[in-house]
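Here is a short report for someone meeting this structure for the first time. Please keep the sequence and the 3D view at hand while reading.

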Amino acid sequence: MKIKKYLFILLFLFNILTFADGIPQNFEEGYMLIDVKNKLKDPFFGVFLNYETEKVYIGLRNFLDFIELSGIEIDKKEKVVSGKLKAEFFRNKREKSVYWKFDDDRSFIKNNELYIEVGSLPEILPITNVKWDLDDYRLTIYPNFYLSIELREKAKKRRNKIRKKKREKKKKEDIEKKLLSLGMVKLKYNADDILKWFDQEKEEHKEDYGKLDIDYRTPLLYGDFAASFKAYPEYELNYWRMNYPDVFEGKTIEIGDTYLQGNNLFDASSQISGIVIKESKYKTYYDRGKNNISGFVPNGITVELYQNKILIDYQEAEDNSYEFENIELISYSDTFILKFYDQRGLLVEERKIKILSGKEFLNEGSYDYNLYLGETKQSEKHLALDISYGILDNLSYKLGGWSLNHESEKKKKYNVLENNFYWRTQSIKHPLKMKFQWDYDLDSDKRQDTYLGDLMLKLGSFDLDLRFEHYSKRFSEEKNLDKKYEANLRGRYKKLNYTIGMDIEEYLEKKIEYKVDLSYRVAKPLRFSIKNKYEEKNSKYGMDLNINYSGSKTLNLILGTSHDWENGKIIEENYKLKVNKRRKRGQRLSYGAGIDYNPKTEEIRYSIDFTYYFTDDVSTLFNYESSRDNIKMNFYGEKVVNLEKPFAKTKTGNPETSWIEGLVFLDSNGNRKKDKDEECFKDVEIFIGNKSKGLTENNGKFYIDGIQPYKIQQLDISYENLDPMLSMAEGSGKFIALPASGKEIHIPLTPISSIAGDIFIENGNFSEDEKEDILKKIEIHLVHKGKIIKSFKSEMDGFFMFEDVQPGEYVLKIEYKGEKEINFKDNELPVIVKSGDFYDGFVFGIGKL
């Protein structure tokens, strides 16, 4: 710090001797570090300091050039700063005028430059904050508009996003679909209770010796074929399905056994056999009306529901589906995470759900559609079609038609026309989202309409949601609900979240219920919550207390009590405890326990289970439940076999995933092919994304399975056991694979090279300040096959350098982003790079036009 002060004093004495004329009394010249919006920094920005008032003055034109802001004129004769700032610099896309008359008290002119006191900047430009620290010699300025560098960054991100989408689309289009492949098969053996094998008194049944199920996946007829069936003790086809993904602009066609999605209003079967055109795979749905989260997964999958990283419930999928009911929101910013575990206890997938995600909204002029056509197992025909259109960016409309059969004995049909309007504000600070749904029953003799409305508003730390439901006579009788009104106000104070709400339901009679919910996050893994509800008509009061603990990725605990009173007397109470300890990959044991106690009946139900995994594929489960008063010992085994490579060591439990194999080798000539004399590397750790997938074998080979299909993946390696001068060939390791199929992906390593050079500005053409300004605004690009591979911003002395350059033919290209008129002797310089060399001596000469 003292060195900076002494430097400033020396500069001051030097300036008094050399530049005394034109500087007001008590002023000294020096340099400060200027920081503009944490985007632009210059450690030696010229300033003047009035050491009596400790005020800092900067050259206005120099500052405008530094932030690359044009359109501002400085009239020194009239003492006026004026101009217009373009609309693109502002979020609201409106241009702003600039007009400021300067005076001698806050400004002076030196060397034809207007210097102003930095505190005056907000009077000239939209600047919210200006700070200067004379101890650190630091000047911080925060403009309330986009800088040119920010606009370039945003444009670059947009271009990169478009390029990425195009690359991904092209990559997906370039996938070689297969007419026929052997595919992958999964064998599952499950003996529900092996203790029955040793019970001589019980009658024998084939089921006692276990069940064998088979899942099969393969690329077929340029699509993906899936089938599942029971093989023992009796044969039965569970389902079959042909899947053609991304056929029409991201739409998937499914033929065979599938699921009808989005029919939450109707009491009709979701399982159909037919044809479906829809978006991607099975979605997860959040139903605002019921506060339910539901979706479709294979049977046997355990689904855990986390709210803001804390486990609140879990269940095992039945009928290939799951549903969590009556979930209480804490705020609109709640993030729900669903974790899916296979029967080996290993995590296979995670899905995130955000309440204010806005997936219903389409861009202006764009459209979307879904079609479901098929029959249920009871031979009842189902048809559903919806078409969505973006009227504006913040206003969308969806028209849907439903023709469904009721599951009840009455065999009622649903023929309903559904209209949905979605509208939201563009406010970031106070977002508002509204939905209005109108369903018209086409079967009714008299017009019977159903109306559903939803409003969600965020006001700072408060969330407000309003909802109404008006059902037609038919739906009213089915749901035992005619009308419903709901209002909730949510807020937060430090670690405490609270909800105050009211529900009004009308059916035969009116019922009003009030609620107050509190949730306190004691620590990151521990949450305490209390829910209170009061029903006015019958003087009913209910209270639920819950403690949720998610102390690690594997240990979870849920402790809860519930009490209900009517007219001051307790009518129901319950206590429960659930503990679940999952295993990590490589561990052998997992366990769980549960206790349920009802003081009214004095009934205690408890269960305990231990699962021991002999391998990832073979396990045994010991289970005891007091309600059955018996002990069960389950034996489970599964194995996925790659029929194309039956002797490969498969680790995956999902036959839908992809696999790859390849070599890690030294590509000494840069041709990306393994030549006879090129070395292979053993014990190299392979990564996909950030996850380690194992080591290469002695011959440099690797085999990886369990890879998500139809997704662009990036292979990477650890250089721990390799020469640090080696690097993966540029663009290598990127791939996309088909389900239940594989491909060869090799990893060529090449010795890295470097390129260095200088930018030379001819003497006499520019002053030292001009040279410095020019160099700050120059970038050197390394171009390969017409594409910029790397860029380097020039050093203060004109030096530039590119490291980790792969073999190939390149062009060095110079770009000047300033306003001065300059001339380059050479705009481009060719470079031919071979393995492991250092290339220097490249010079770009600059002169005046």
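In which sense do strand S52 and strand S55 pair, and over how many bridges? The pairing is antiparallel, and six bridges make it up. S52 covers residues 778-784, while S55 covers residues 808-816. Note that this is a predicted model.

**Strand S52 and its partners**

S52 is mostly covered, with six of its seven residues buried. Toward S55, Glu-779 has Glu-815 as its bridge partner. S52 also runs antiparallel to strand S53, residues 787-793, and six bridges join the two. Here Leu-782 is matched with Lys-790 of S53. S52 and S53 form a hairpin with two residues between them. Lys-785 sits in that turn and has a positive phi of about 55 degrees.

In general, strands of a sheet pair through backbone hydrogen bonds, either parallel or antiparallel.

**A seven-stranded sheet**

Now turn to another part of the chain. Seven strands build an open sheet in the order S7-S8-S3-S2-S1-S10-S9, and the pairing is mixed. S7 (107-110) and S9 (127-133) stand at the edges. Each has a single partner strand, so one side of each is left without a neighbour in the sheet. On average, neighbouring strands of this sheet are turned by 35 degrees against each other, direction ignored.

At one edge, S7 pairs with S8 (residues 113-117) in the antiparallel sense, over four bridges. Ile-109 has Leu-114 in S8 as its bridge partner.

The other edge strand, S9, contains Asn-129. Asn-129 touches Thr-140, Ile-141 and Tyr-142, leaving aside residues up to four places away in sequence. Asn-129 and Tyr-142 are 13 residues apart in sequence, yet their C-alpha atoms are 5.2 Å apart in space.

**A residue in a loop**

Ser-718 lies between strand S46 (713-717) and strand S47 (726-728), in the loop. The side chain of Ser-718 reaches the backbone nitrogen of Glu-720 at 3.3 Å. Beyond four places in sequence, Ser-718 touches Val-684, Glu-685 and Phe-687.

How covered are these two residues? The table lists both.

| Residue | Relative accessible area | Class |
|---|---|---|
| Ser-718 | 17% | buried |
| Asn-129 | 34% | partly exposed |

Why does Ser-718 count as buried? Its relative accessible area is 17%, and buried means under 20%. Asn-129, with 34%, falls in the class between buried and exposed, because exposed means over 50%.

Terms used:
Residues numbered from 1 in each chain as written. Predicted model: local features only at pLDDT ≥ 70, side-chain atom pairs only at ≥ 80, totals over all residues. Heavy atoms only, no water. Pairing = 2+ DSSP bridges. Axes fitted to C-alpha atoms, helices over the stretch in contact; angles between N-to-C directions. Buried < 20%, exposed > 50% of the residue type's maximum accessible area, 1.4 Å probe, protein only. Polar contact = N/O pair within 3.5 Å; in protein donor to acceptor, adjacent residues only side chain to side chain. Contact = heavy atoms within 4.5 Å.
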